[in-house]
Amino acid sequence: MKSPKERIIETTFQLFARQGYNSTGINQIISEAEVARASFYQYFKSKEDLCVEFLKVRHEYWFKELNSFLAKEKDSKSKIINAFDFVVYMNEKENFRGCSFLNILSEIPMDNTKILSGIQSHKADLRNFFSELVNDEELSDHIYMLFESSIIESQLFKSNELIEKSKKIVTNLIQ
C-alpha cells in the first residue's frame, strides 16, 4: 500500500490533468486519495505547497521518461530529433494532456512566485537540455521553441501532425 503522501500526489496528478488546478479542491484530493485531513496537512500546508510538490515530482518524472526514451541514441542530432518522438509518445501515453507546467501557468496569477518559480525552473532545464546538445545558442533556442510549440499545438488539436512537421524542420536545421 502506498503512503498517504504518495496517494495525495498520485491523486493530484489525475485531478490536475482532468480538471485543472483551479477546479481541484483540497477536500476532493483528500477524499479521492483516501487520506485523513490531518495527513494532508502533515505534508502540505496549502494547495499552493501541494502544487509546488506536484511540479517537482512531475519535473523529475518527465525528465526521467525523456532520458529513458533517448537512452539508445548515440549522438546529439539523434537525441534532438527523437525528443520530438518523445512528445508523440507522451501524447499517446497521456491522451494529449499537454504540458502540466503550462496548463498550471494558465491558471495562476502571475504574482504567485512560488508556483511560477517551479514552472520557470522546468522550462529552464528543458532549454538547457537542448543547449547542451547544440553548441549554437540561437539554434538551440530555435529547437526549444519548436519543441514547446509542438506540445501546445498537439494538445490543442489532439494531433501529432505539427510535431512531425517540427521534427522535419529541426532535422533540416541541424544537418
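Reader: Are Trp 62 and Phe 147 buried or exposed?
Author: Trp 62 is buried, and Phe 147 is too. The word stands for under 20% relative accessible area, with exposed over 50% and partly exposed in between (1.4 Å probe, protein chains only). This is a predicted model, where local features need pLDDT of at least 70 and side-chain atom pairs pLDDT 80 or more, while totals for chains, interfaces and linings use all residues. Residues are numbered from 1 along each chain as its sequence is written, and side-chain values use heavy atoms, without hydrogens and water.

Reader: What makes Phe 44 count as buried?
Author: Its relative accessible area is 3%, so Phe 44 falls under the 20% limit. Phe 44 belongs to the loop between helix H3 (37-43) and H4; helices are DSSP runs (H or I, at least four residues) numbered from the N terminus.

Reader: And which residues does Phe 44 touch, leaving out those up to four places away in sequence?
Author: They are Lys 5, Ile 8, Ile 9, Asp 49, Leu 50 and Glu 53, where touching means heavy atoms within 4.5 Å. Lys 5 is 39 residues from Phe 44 along the chain, with 9.1 Å between their C-alpha atoms.

Reader: How many aromatic pairs does the whole structure have?
Author: The search finds 15. One of them joins Phe 16 and Phe 54, with 5.1 Å from centre to centre and 80° between the planes.

Reader: Why is the pair of Phe 16 and Phe 54 called edge-to-face?
Author: Ring centres (six-membered ring for Trp) must lie within 6.5 Å, and planes over 60 degrees apart count as edge-to-face, under 30 as stacked, the rest as tilted. The values 5.1 Å and 80° meet both limits, so the name fits. This pair links distant parts of the chain, Phe 16 in helix H1 (residues 4-19) and Phe 54 in helix H4 (residues 47-70).

Reader: How do you know that Lys 47 sits over the ring of Tyr 21?
Author: The charged end of Lys 47 is 4.4 Å from the ring centre. The rule asks for NZ of Lys (or CZ of Arg) within 6 Å of the centre and within 35 degrees of the ring normal. Lys 72 likewise lies over the face of Phe 69, at 5.3 Å.

Reader: What makes H5 roughly antiparallel to H9?
Author: Helices H5 (residues 76-94) and H9 (residues 161-174) pack at about 175°, their axes 9 Å apart. Angles over 145 degrees count as roughly antiparallel, therefore H5 and H9 earn that description. Their contact includes Phe 84 of H5 and Val 170 of H9.

Note on methods:
Helices (H or I, at least four residues) and strands (E, at least two) are DSSP runs, numbered from the N terminus. Axes are lines fitted to C-alpha atoms, for helices over the stretch in contact, and angles run from 0 to 180 degrees between N-to-C directions. Angles under 35 degrees count as roughly parallel, over 145 as roughly antiparallel, 65 to 115 as roughly perpendicular and the rest as oblique.
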